[in-house]
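Q: Please take a close look at one part of this protein. I would like the central strand region examined with its surroundings, in one connected account.

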Amino acid sequence: MFAVQLTVPAGAAAPSGEAAAAAIQAALWACAAPDDGLEHVRARAVPEGVGLVLYVRAADEAAARSRARNLLARALPAAVRLPSGRR
């Protein structure tokens, strides 16, 4: 398992702040498929936007990064569509 650190820049595809971190985390879980190898997610507001650590099962670090980036690309559109009560 590998820890992959990513940052979603503020205003890139979702608003920043703790509510955005929670929305992105929820979207990651909602979009994750078994092939993504997602084991755990940590999301928090950081000055740059939303900081993420995805713990991903993969054969090597490059594969883990690829899986994490692909999952995030699928999840971000879902995160901005979450009802306002979840943000």
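A: What follows starts with the whole chain, turns to strand S3 and its partners, and ends with the helix and a loop residue beside them.

The model is predicted. The protein has 87 residues, and 37% of them count as buried. Its secondary structure comes to 2 helices and 3 strands. Along the sequence these follow the pattern β-α-β-β-α. Many contacts link distant parts of the chain: among those with a separation of 6 or more, 64% are between residues 24 or more positions apart.

Now the sheet. The strands form an open sheet of 3, in the order S1-S3-S2, and the pairing is antiparallel. S1 and S2 are the edge strands, each pairing on one side only. Neighbouring strands are turned against each other by 20 degrees on average, with direction ignored.

S3 covers residues 49-56. How many of its residues are buried? The count is 7 of the 8, so the strand is largely enclosed by the rest of the structure. Buried here means a relative accessible area under 20%.

Take the S1 side of S3. S1 spans residues 2-9, runs antiparallel to S3, and is joined to S3 by 8 bridges. One pair on this side sets Ala-3 opposite Tyr-55 of S3.

Take the S2 side next. S2 spans residues 38-46 and pairs with S3 in the antiparallel sense, over 8 bridges. A hairpin of 2 residues connects S2 to S3. Two facing pairs can be picked out here. Leu-38 stands opposite Val-56 in S3. Arg-44 stands opposite Gly-51 in S3.

A helix packs on this sheet. H1 touches S1, S2 and S3, and its direction makes about 165 degrees with that of S2. H1 takes in residues 18-31, which is 14 residues. At 1.5 Å a residue, a helix of this length should span 20 Å; the end C-alpha atoms of H1 are 20 Å apart, which agrees.

Which residues of H1 are buried? They are Ala-20, Ala-21, Ala-23, Ile-24, Ala-27 and Leu-28. Seen down the helix axis, these buried residues fall within an arc of 165 degrees, so they line one face of H1. The general rule behind such a pattern is simple. An α-helix has 3.6 residues a turn, so residues three or four places apart point the same way. The face of H1 turned away from the buried side carries exposed residues, Glu-18 and Ala-30.

One loop residue completes the picture. Asp-36 sits in the loop between H1 and S2. Is Asp-36 buried or exposed? Its relative accessible area is 8%, and Asp-36 is therefore buried, given that the cut-off for buried is under 20%. The side chain of Asp-36 reaches the backbone nitrogen of Ala-33, at 2.7 Å. Setting aside neighbours within four places in sequence, Asp-36 is in contact with Cys-31, Val-56, Arg-57, Arg-67, Leu-71 and Arg-74. Val-56 in that list leads back to S3, where Val-56 stands opposite Leu-38.

How values were computed
Residues are numbered from 1 along each chain as its sequence is written. This is a predicted model: local features need pLDDT of at least 70, side-chain atom pairs count only at pLDDT 80 or more; totals for chains, interfaces and linings use all residues. Side-chain values use heavy atoms; hydrogens and water are left out. Buried means under 20% relative accessible area, exposed over 50%, partly exposed in between (1.4 Å probe, protein chains only). Helices (H or I, at least four residues) and strands (E, at least two) are DSSP runs, numbered from the N terminus. Two strands pair if DSSP finds at least two bridges between them. The expected span of a helix is 1.5 Å times one less than its number of residues. The arc is that of the directions from the helix axis to the C-beta atoms. A polar contact is a pair of N or O atoms within 3.5 Å; within protein, one must be able to donate a hydrogen and the other to accept it, and residues adjacent in sequence count only if both atoms are side-chain atoms. Contact means heavy atoms within 4.5 Å. Axes are lines fitted to C-alpha atoms, for helices over the stretch in contact, and angles run from 0 to 180 degrees between N-to-C directions.
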